[in-house]
Amino acid sequence: MSAKPAPEAPAPPPRHVAIIMDGNGRWAKKRFLPRIAGHRQGVEAVRRVSRAARKLGIEVLTLYAFSSENWRRPEDEVRDLMGLLRHFLASELDELVSEGVKLRVIGNWRKLSPDLVSMIEGAIARTADNPGPTLVIALNYGAQAELATAARTLAERAKAGTLDPASIDEAALEAALDTGDLPPLDLLIRTSGEQRLSNFLLWQAAYAEFLFVDTLWPDFDEAALADALDLFGKRQRRFGGL
Ligand code: IPE
Ligand code: IPE
Ligand code: MG
């Protein structure tokens with residue numbers, strides 16, 4: 001009897017998808033519009049794509065909204081971005097609450113302006129008991145700073161005598177990251193054609209699948225996310241095994 005090869009099992013859908021939302025400025029430039037117009041459309045894409053992610057059954061969607069390096073931009077652009085963030089939080093919170101979404105924020109967001117910090121705290125508190133899915137927004141986020149902070153946290157515990165340095169392993173460091181309690185990152189998408197991580201989720205990306213698409217972020221939509229999930233489904237993840 002000849003053994004029939006087992007049909008390829010479809011890869012399980014990604015639980016945790018992260019997106020580097022890039023290309024707002026180029027979207028505006030192509031239309032001879034100011035960069036803020038691209039950022040406004042970028043916020044529309046955030047609404048659209050976070051709804052699509054819920055519809056497509058993604059458990060955790062992590063969006064890179066403002067990096068720790070984005071402070072290098074002109075002051076008025078930073079001000080515009082912070083204004084859009086305020087607007088997004090104010091206008092989207094009711095829907096997040098009614099949809100059962102849990103909002104999380106990673107990065108040094110407590111260093112943002114005090115009014116934004118209290119808005120974010122309020123939004124997190126209002127959605128804290130929601131069952132999920134989870135929407136994670138990376139704000140003033142940099143992966144190297146996140147790793148340095150995690151190392152400092154562990155060092156302080158060791159100094160206080162509550163942690164044996166010999167017990168510090170990958171799991172201990174991972175648990176000390178901002179994402180410590182989230183499922184592993186499965187798929188990382190970057191829009192706009194750039195192929196770099198720009199200091200995003202360096203640790204978490206260890207075994208993530210990468211997808212770089214040319215679409216500019218303001219044009220990204222449900223169909224684009226569904227295509228990304230299809231492509232993910234065709235990847236063979238080996239995690240070092242065979
Ligand atoms: C992404 O779009 C939004 C943020 C980084 C806040 P960009 O503003 O980087 O757009 P490009 O890269 O200039 O086109
Ligand atoms: C990465 O995009 C940060 C966000 C999307 C928030 P950037 O546009 O800031 O990245 P670089 O400067 O091209 O690497
Ligand atoms: Mg960019």
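At what angle do helix α2 (residues 35–55) and α3 pack, and how far apart are their axes? In this predicted model, the angle between α2 and α3 is about 30° and the axes lie 10 Å apart. Angles under 35 degrees count as roughly parallel, and α2 and α3 are therefore roughly parallel to each other. Their crossing is right-handed. On the α2 side, the contact is made by R35, I36, H39, R40, V43, V46, R47, R51 and R54. These residues meet E77, D80, L81, L84, H87, F88, S91, E92, E95 and L96 of α3. By residue class, the contact of α2 with α3 consists of nine charged, seven nonpolar and three polar residues.

Helix α3 (residues 75–98) also packs with helix α4 (residues 114–127). Here the angle is about 15° and the axes are 11 Å apart, which makes α3 roughly parallel to α4. The crossing of α3 and α4 is left-handed, whereas that of α2 and α3 is right-handed. From α3, the residues in contact are M82, L85, R86, L89, A90, L93, D94 and V97. Their partners in α4 are D115, L116, M119, I120, A123, R126 and T127. Ten of the residues in the contact of α3 with α4 are nonpolar, four are charged and one is polar. In the contact of α2 with α3, by comparison, seven residues are nonpolar and nine are charged.

The three helices belong to a chain whose secondary structure comprises seven helices and six strands. Read from the N terminus, the order of elements is β-α-α-β-α-β-α-β-α-α-β-β-α. The radius of gyration of the protein chain is 19 Å, close to the 18 Å given by the globule rule for 242 residues, so the chain is as compact as a globular protein of that length. The C-alpha trace spans about 70 × 55 × 35 Å along its principal axes.

Two local backbone features were found in loops. The first concerns F32, which is located in the loop between α1 (24–30) and α2. Phi of F32 is near 55°, a positive value in a residue that is not glycine. The second concerns P133, in the loop between α4 and β4 (134–141). The peptide bond from G132 to P133 is cis, and its omega is near 10°.

As to confidence, the protein chain has an average pLDDT of 96, and 96% of the residues score at least 70. Among the elements of the chain, confidence is highest in strand β1 (residues 16–20), at 99. The lowest confidence is in α3, with a mean of 97; α3 is the helix that packs with α2 and with α4.

Methods:
Residues are numbered from 1 along each chain as its sequence is written. Chains are lettered from A and ligands numbered from 1 in the order in which they are written. This is a predicted model: local features need pLDDT of at least 70, side-chain atom pairs count only at pLDDT 80 or more; totals for chains, interfaces and linings use all residues. Side-chain values use heavy atoms; hydrogens and water are left out. Axes are lines fitted to C-alpha atoms, for helices over the stretch in contact, and angles run from 0 to 180 degrees between N-to-C directions. Helices (H or I, at least four residues) and strands (E, at least two) are DSSP runs, numbered from the N terminus. Angles under 35 degrees count as roughly parallel, over 145 as roughly antiparallel, 65 to 115 as roughly perpendicular and the rest as oblique. A crossing is left-handed if the near helix is turned anticlockwise from the far one by less than a right angle, and right-handed if clockwise. Contact means heavy atoms within 4.5 Å. Ala, Val, Leu, Ile, Met, Phe, Trp, Tyr, Cys and Pro count as nonpolar, Asp, Glu, Lys and Arg as charged, and the others, Gly among them, as polar. pLDDT is the predictor's confidence in each residue, from 0 to 100. The radius of gyration is taken over C-alpha atoms; the globule rule is 2.2 Å times the number of residues to the power 0.38.
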